[in-house]
Amino acid sequence: MNDLEELKELLSVPRKIIITTHQRPDGDAMGSSLALYLYLQQKGHAATVISPTDYPDFLSWIPGNDTVVIYEKEPLRSKALVAEAELIFCLDFNKLYRLEELGKLIAQSTATKVLIDHHLEPDDFAEFQMSRVSACSTAELVYDFIIQSGDRELISQDIATCIYTGILTDTDRFRIPTTTPAVHRIAAELLELGINHTQIYEAVYETFTENRLRFFGYCIREKLEIIKELKTGIICLETADLKKFHIQSGDTEGVVNYPLWIKGIRLSAFIIQRPDEVKLSFRSKGTFDVNELAHLNFSGGGHKNAAGGRSPLSVAETREKLIAILAPLKNQLNK
Ligand code: 5GP
Ligand code: MN
């Protein structure tokens with residue numbers, strides 16, 4: 001980051017700070033936000049994490065979770081906190097629209113904004129940008145920020161747990177190509193600080209309800225469509241499917257990964273009817289760029305191998321639109 005010295009100067013006296021992240025936060029969003037929160041508190045600042053929306057139980061055990069303010073539940077308190085803030089840290093998103101209503105508040109705020117993020121093509125809304133697309137996670141960037149600030153010794157076991165959670169989830173368990181030797185070195189250092197990596201794994205991945213696991217089975221058995229010539233798997237979920245299994249926010253997290261378990265499948269698409277819009281999630285293997293696919297066709301974005309978007313059409317029409325877009329890309333998918 002070019003302006004780290006200037007930012008350090010700003011942080012040399014106690015500040016009122018907001019840390020915020022994208023709606024429907026994932027493990028990296030919450031892990032990186034709470035790691036930064038715990039660090040800034042230790043430095044004597046009055047920091048608060050505000051999440052635009054609530055999140056599922058598999059993330060609500062992360063250290064510092066009890067202090068998080070949920071904008072959709074406490075809009076007035078959130079507005080007051082944003083109004084008082086001197087600095088706003090924006091973590092794990094590249095566009096303010098990913099914060100829904102809260103994004104508008106942040107856009108209007110005169111507080112100094114600091115972006116820490118690893119998504120492609122961030123919008124230019126922050127005075128300070130720590131944006132690195134090659135980073136495996138925002139949690140890795142928060143780790144770098146703490147180290148560059150000369151505060152390695154302030155990384156407590158709780159901060160280490162938060163950072164590890166972000167790295168674990170955004171690398172999909174150290175699988176994605178962004179998992180560099182440096183990432184493993186960071187993970188090793190976090191383990192040396194005494195974190196319980198087995199417990200973290202269980203808390204994140206092995207706390208399904210029976211119903212949720214059966215719902216995953218249903219998605220794979222009844223809903224998965226394989227288009228062999230496009231090396232693509234698609235799972236579409238309508239409101240009726242969600243009602244049948246009493247699906248709540250967060251329950252569908254991870255379903256999109258399963259089609260890629262099939263040998264030869266390069267692209268997975270998950271299309272779901274949310275209350276207000278149709279949402280798409282994409283995952284790919286190798287060179288097929290789903291950030292571009294989401295950006296060009298579904299008002300979205302993300303990373304090369306994991307991206308998302310939305311559609312004003314119905315689920316069925318969105319599926320048809322997607323297949324029509326993919327048909328001419330057959331060669332790319334078969335590369
Ligand atoms: P997911 O499929 O898990 O919702 O998202 C995959 C990746 O794409 C994440 O990095 C997420 O931040 C990003 N992403 C998901 N939806 C959108 C969207 O609507 N717009 C943008 N810019 N990024 C998205
Ligand atoms: Mn992330």
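# How the labels are earned

Q: Why is R221 called exposed?
A: R221 has a relative accessibility of 71%. Exposed means over 50% relative accessible area, buried means under 20%, and partly exposed is in between, using a 1.4 Å probe and protein chains only. R221 is past the exposed cut-off, so it counts as exposed.

Q: What kind of model is this, and which residues count for local features?
A: It's a predicted model: local features need pLDDT of at least 70 and side-chain atom pairs count only at pLDDT 80 or more, while totals for chains, interfaces and linings use all residues. Residues are numbered from 1 along each chain as its sequence is written, chains are lettered from A and ligands numbered from 1 in the order written, and side-chain values use heavy atoms, with hydrogens and water left out.

Q: What makes the contact between E222 and R221 a salt bridge?
A: The term asks for a side-chain nitrogen of Lys or Arg within 4 Å of a carboxyl oxygen of Asp or Glu. E222 and R221 meet at 3.5 Å, N to O, so the pair qualifies. The whole structure holds 17 salt bridges.

Q: How do you know that D151 and K43 meet in a salt bridge, and what does the pair tie together?
A: Their N to O distance is 2.8 Å, so it falls inside the cut-off. D151 sits in the loop between α5 (138-148) and α6 (157-170), and K43 in the loop between α2 (27-42) and β2 (46-51), so the pair links parts 108 residues apart in sequence. Those α and β labels are DSSP runs numbered from the N terminus: helices are H or I with at least four residues, strands are E with at least two. D151, at 7%, is buried, whereas K43, at 38%, is partly exposed.

Q: Which residues form a network with R132?
A: R132 and E140 meet in a salt bridge at 3.6 Å, N to O. E140 is buried at 5%, while R132 is partly exposed at 31%. Shared partners join R132, E140 and D144 into one network.

Q: What makes D28, D92, H118 and D170 donors of the manganese ion (ligand 2)?
A: Donors are N, O and S atoms within 2.8 Å of the metal (3.2 Å for Na, K and Ca), and water isn't among the atoms, so sites may look incomplete. These protein donors lie 2.2 to 2.4 Å from the ion, so they qualify. Along the chain they follow the spacing D-x63-D-x25-H-x51-D. D92 is in the loop between β4 (87-91) and α4 (101-108) and H118 in the loop between β5 (112-117) and β6 (128-131), so this pair ties together parts 26 residues apart. D92 is buried at 1%, as is H118 at 3%.

Q: How do you know how many disulfides there are?
A: A disulfide needs a pair of cysteine sulfur atoms within 2.5 Å. The structure holds zero. For C90, the nearest cysteine sulfur is that of C162, 19 Å away. C136 is in no disulfide either: the nearest sulfur, again that of C162, is 15 Å away.

Q: Why are β2 and β3 said to pair?
A: Two strands pair if DSSP finds at least two bridges between them. β2 and β3 share two, in the parallel sense, so they pair. They belong to an open sheet of six strands, in the order β3-β2-β1-β4-β5-β6. β3 (69-70) and β6 stand at the edges, each with a single partner strand, so one side of each has no neighbour in the sheet.
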